[in-house]
Amino acid sequence: MHRLILLRHGQSRWNAEDRFTGWTDVGLTDRGIAEAREAAGLLKDAGIDVDVAFTSVLSRAIETLHLVLRDMDRLWLPVHKHWRLNERHYGALQGLNKAETAERHGAEQVFQWRRSWNVPPPPIEPDEPRSAVSDRRYAGIAKANLPRGESLKDTTDRVIPFWTEAISPALRLGARVLVSAHGNSLRGLVKHLDGVADQDIPLFEIPTGRPLVYELGADLTPLRRYFLGDGGTVEEITWPDREGSAAA
Ligand SMILES: O=C(O)[C@@H](CO)OP(=O)(O)O
C-alpha cells in the first residue's frame with residue numbers, strides 16, 4: 001500500500017480577511033501557525049511518517065510544511081517546490097473581499113467563480129503589478145504559459161502533469177509523500193485521483209491544516225481516503241455513486 005498525505009496550508013492573512021488570494025503571496029496568521037502545528041500532532045498521533053515532501057512556491061504552503069516537518073523532527077527530508085502546486089490563479093478577483101464581491105456581482109456568480117468546475121474568473125492583465133509576469137519566482141516559465149485567471153479545471157490541468165512526473169513516481173518508489181498545497185490545487189488533485197464527477201466537486205471543501213490521508217493500491221488507485229481528527233479519529237470521505245464516475 002502507498003500512502004499520500006495532502007495538507008492545505010494553515011489559515012493565511014487573506015483567509016482571515018476573506019479576500020481572494022490565488023497567487024498572491026501572503027503569510028500565515030497565528031491561527032494558521034497553530035493549525036500547521038496541530039497537523040503535525042495529528043500525523044504523529046496517527047503514527048504516520050513521511051519520506052519526501054512537495055509544496056508550491058507560495059509562502060503559506062512552504063511555511064506550513066516547515067512547521068509540520070519541524071514538529072515531526074523531519075526538517076532534513078527532501079522538499080520539492082513547484083509552481084504547478086500553487087493555488088488556483090484568481091485573476092482580477094485577487095485582493096477583493098469575497099463578501100463585497102458577492103454583494104456587487106451576486107452570490108450565484110461568486111459561487112460559480114469559486115466552486116464551479118470550468119468557469120474562470122475575469123482575467124488579470126499581464127502588465128498589471130499584481131500579475132505574476134514580473135515576479136522572479138516565475139522567471140523560468142514562458143510568459144504565454146503564466147495563468148491570468150484559472151477555473152478549477154485549468155488549475156487541475158496544470159497540477160496533474162506534476163502529479164504524473166514528480167509525485168506519483170516518488171510514491172511508486174515506495175516513498176511516503178506529503179503534499180503541502182492549497183484548497184483548489186488539492187481539490188483538483190482529489191478530483192483526478194478519485195475520478196470525482198464535475199457536479200460533485202463544488203461541495204468538497206478541504207479545511208486549513210487538516211491532513212487528508214490517501215491509501216493507494218499498487219497502481220496508485222485510491223483504496224481509502226480520510227481526514228485525520230483529534231484523538232486518533234478519522235473522517236472517511238465517500239463520493240456519490242454516479243454513472244461514468246470512477247469514484248468509490
Ligand atoms: O482565495 C483563494 O485563493 C481560495 C483559497 O483561500 O479561496 P476559495 O476557497 O474561495 O477558492
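Guide: Rings of Phe, Tyr and Trp pair if their centres lie within 6.5 Å. This model is predicted. The structure holds six aromatic pairs.

Visitor: What makes F54 and F162 an aromatic pair?

Guide: Their ring centres are 5.8 Å apart. The limit is 6.5 Å, so the two rings pair.

Visitor: Why is the pair of F54 and F162 called edge-to-face?

Guide: The angle between the planes is 80°. Over 60 degrees counts as edge-to-face, so the name applies.

Visitor: Which parts of the chain does the pair link?

Guide: Distant ones: F54 is in strand β2, residues 52–55, and F162 is in helix α6, residues 152–172. The two residues are 108 apart along the chain.

Visitor: Now the ligand. How do you know that R114 makes a polar contact with an oxygen atom of the ligand?

Guide: A polar side-chain atom of R114 lies 2.5 Å from that oxygen. The cut-off for N or O atoms is 3.5 Å, so this is a polar contact. N184 also brings a polar side-chain atom to 2.8 Å from a ligand oxygen. G22 uses a polar backbone atom, 2.8 Å from an oxygen of the ligand.

Visitor: How much of the ligand does the protein cover?

Guide: It covers 95% of the 310 Å² of accessible area that the ligand has on its own. The ligand sits in the largest pocket.

Visitor: What makes R8 and E87 part of the shell around the ligand?

Guide: Both are among the residues around the ligand, because each has a heavy atom within 4 Å of it.

Visitor: How do the shell residues divide?

Guide: Two are nonpolar, four polar and six charged. G22 is in the shell and counts as polar, because Gly is put in that class.

Note on methods:
Residues are numbered from 1 along each chain as its sequence is written. This is a predicted model: local features need pLDDT of at least 70, side-chain atom pairs count only at pLDDT 80 or more; totals for chains, interfaces and linings use all residues. Side-chain values use heavy atoms; hydrogens and water are left out. A polar contact is a pair of N or O atoms within 3.5 Å; within protein, one must be able to donate a hydrogen and the other to accept it, and residues adjacent in sequence count only if both atoms are side-chain atoms. Accessible areas come from the Shrake-Rupley method with a 1.4 Å probe; for residues, only the protein chains shown count as cover. On a 1 Å grid over the protein atoms alone, a cavity is a set of points where a 1.4 Å probe fits but cannot get out, and a pocket is an open set with protein on both sides within 12 Å along at least five of seven lines; lining residues have an atom within 4 Å of a point. A molecule sits in a cavity or pocket if more than half of its atoms lie within 2 Å of its grid points. Rings of Phe, Tyr and Trp (its six-membered ring) pair if their centres lie within 6.5 Å; planes under 30 degrees apart count as stacked, over 60 as edge-to-face and the rest as tilted. Helices (H or I, at least four residues) and strands (E, at least two) are DSSP runs, numbered from the N terminus.
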